[in-house]
Amino acid sequence: MGINNIINLLGGLGLFLFGMKYMSDGLSQVAGNKMKSLLEKLTRNRFKGFLLGVLVTAIIQSSSATTVMLMGFLNAGIMDLAQATGVIIGANIGTTITAVLIAIDVSFIAPFCIFIGAAIALFSKKQTQRYIGQIILGFGILFFGLKYMSGDSAMGVLKTSEAFQSFITKANNPILGLLIGIVMCSVLQSSSASIGVLQVLAMQGIMPMSFAIYLIIGINVGSAMPLFLSAIGAKTNAKRAAVIYFLFDFVGMVIFMPVAMFTPYAHWLTTVSDKGAVQVAAGHIVFKVVTAVVLLPFIKTIVKISEKLVVEKEHETNMRFQYIDKKTSTNQFSTALQIGSEVERMAKLVRENFILACDGFLNADISNQRKIKENEELINWLNHSISDFLVTVTSQTLSGDVSEYLGKLFHTITDLERIGDHALNIMERTSAALENNIGFTNAGLAEFKEIYDLDLELFDHSIAAFVNKRLPDDEEHLLHYMEDRIDALTIQAQDNHVERLREKKCHTSSGVIFTKALQDLERVGDHSYNIAWAARKDKDLIRQI
């Protein structure tokens, strides 16, 4: 095999890998929102999760990509490990679709797909149409590379290579086949691509099934390598998901190595079809399906094993992301969910601080002062860190819905941070009042509590709208009324306070603190309403007060 043959082989392999990745990216963009919606609605039913894994991976054609996406959803708190395990098992079956397409051999339409796909991708004005063009173009490049790789100027020359023929004739060592398969998949970073290369060799009649079966097993074991690389430095659940993926293929190896060595299994596969590519595809599918059937009833056991292998680490500080995992932020939809979960975490801290501060004001109590300051420090850290991460994510190419949602998150975290500031202000005003032996009238405290209760109700409604990404007109009208009511009550309370000053029922020094505390409450209402407004679908309606 000369240098020209090697160059042609590498060129065909490059086209094959690029076409697969390009097609997969296009499919992910087109189907991304639907996949996200399906995964968000995932139930604990292991069978539904299994079917969902098959469907999603059949669409995006990468079990590794599906599992990386699941890592993101795990970090975002959308699902737990038991739910993710069912999807991972299904994903291993969904990835066999590429092998089926290669076995059918539709390479004759590759040039037509390249022309049509390129035309749509280059000249369409709509983003979705360009993604569809990308899918068609990637499909054409994939099969064009496959055809080129299997040609006489590339792998075809192996038919006449005495060295290769001698190796294949003597290749009956199961461990050697297993190791070659693991290395092949680790290098190519794709089990689908590795099986595709194996199918090309089988098309040429230079890969006997008696040896190919061990390569198939090795390729499946090696398919966990990209996930282990993704999980380096990742959060605990992401590492456990990678372990679960590996456990699937490891159990498959334990099952099929003895079967291949001590039964006529390889011979049986040759009876499926006289085409080598079909035989390889059949061996790949049987490996995945049988392993899935064996493991599906033992999801809880698999989860427990992964938890024992990857122990939860104790962190010394809260100044870290709980849901965002930069190591698994390759999928824009799971990344958006992670950021949303982190913002929800920020909202809970803000709510806690607001309640502690207002209750402290009403009861002349600053015992929670330290807790409020600690929360405020974390709120500020989250504000800056989420903003920095959003800048990084939004610099990438995003779909319209994701881009709009992330843009709204900028506004939301700003409003949350400002509500946190007002909570801190109220706590400091309580502290100042206590230091100077300043008290407030019962009437004034009752007015404060009425506005505070309404603020809290408005905040809770607003966060619910943000979480659900939905603010219907009737709900918006209600929240608008509540904000107007807060404004009116604030003005009325200020007027009542002036009247009490005239009647000398309170002191001027208490009036300054009380008036500023009322202003803090009024601003909390404004920012809460902003958060609800960001849930509107029509992004041009976002306002900032």
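How many disulfides does a search of the whole structure find? In this predicted model, the search finds zero. A disulfide is a covalent bond between the sulfur atoms of two cysteines. Two of the cysteines can nevertheless be placed with respect to the surface: Cys-185 counts as buried because its relative accessible area is 0%, and Cys-358 is likewise buried, at 0% relative accessibility.

Cys-185 belongs to the buried residues of helix H9, which also include Pro-174, Gly-177, Leu-178, Gly-181, Met-184, Ser-186 and Leu-188. Helix H9 runs over residues 174–188, and the span of 21 Å expected for its 15 residues agrees with the 21 Å that separates its end C-alpha atoms. At the N-terminal end of H9, Asn-173 acts as a cap, with a side-chain oxygen 2.9 Å from the backbone nitrogen of Ile-175, while just after the helix Gln-189 adopts a positive phi of about 60 degrees.

The charged side chains offer another way through the structure. Side chains of opposite charge can pair when their charged atoms come close. The count of salt bridges comes to 10, and one of them joins Arg-351 to Asp-460, with a distance of 2.7 Å from N to O. Because Arg-351 lies in helix H17 (residues 332–363) and Asp-460 in helix H20 (residues 442–468), this pair ties together parts that are 109 residues apart in sequence. Arg-351 is partly exposed, with a relative accessible area of 30%, and Asp-460 is also partly exposed, at 29%.

Helix H20 takes part in a further pairing, in which Glu-450 forms a salt bridge with Arg-485, the closest N and O atoms being 3.8 Å apart. Here too distant parts of the chain are linked, since Arg-485 sits in helix H21 (residues 473–502) and Glu-450 in helix H20, 35 residues apart. Arg-485 counts as partly exposed at 35% relative accessibility, and Glu-450 as partly exposed at 41%.

Within helix H21, Arg-502 forms a salt bridge with Glu-499, the closest N and O atoms lying 3.7 Å apart. These two residues are three places apart in the helix, so about one helical turn separates them. Arg-502 is exposed, with a relative accessible area of 63%, whereas Glu-499 is partly exposed at 35%.

Nonpolar side chains also appear on the surface, where Ile-3, Ile-6, Ile-7 and Leu-10 form a patch with about 390 Å² of accessible area together. Ile-3 is placed in helix H1 (residues 3–40), and this residue counts as exposed because its relative accessibility is 58%, over the 50% cut-off.

Notes. Residues numbered from 1 in each chain as written. Predicted model: local features only at pLDDT ≥ 70, side-chain atom pairs only at ≥ 80, totals over all residues. Heavy atoms only, no water. Patch = residues over 30% accessible without salt bridge, like charges linked within 9 Å, V, L, I, M, F, W, Y side chains within 5 Å. Areas by Shrake-Rupley, 256 points an atom, 1.4 Å probe, with all protein chains shown as cover. Salt bridge = Lys/Arg side-chain N within 4 Å of Asp/Glu carboxyl O. Helix = DSSP H or I, 4+ residues; strand = E, 2+ residues; numbered from the N terminus. Buried < 20%, exposed > 50% of the residue type's maximum accessible area, 1.4 Å probe, protein only. Expected span 1.5 Å × (residues − 1). Polar contact = N/O pair within 3.5 Å; in protein donor to acceptor, adjacent residues only side chain to side chain. Disulfide = S-S within 2.5 Å.
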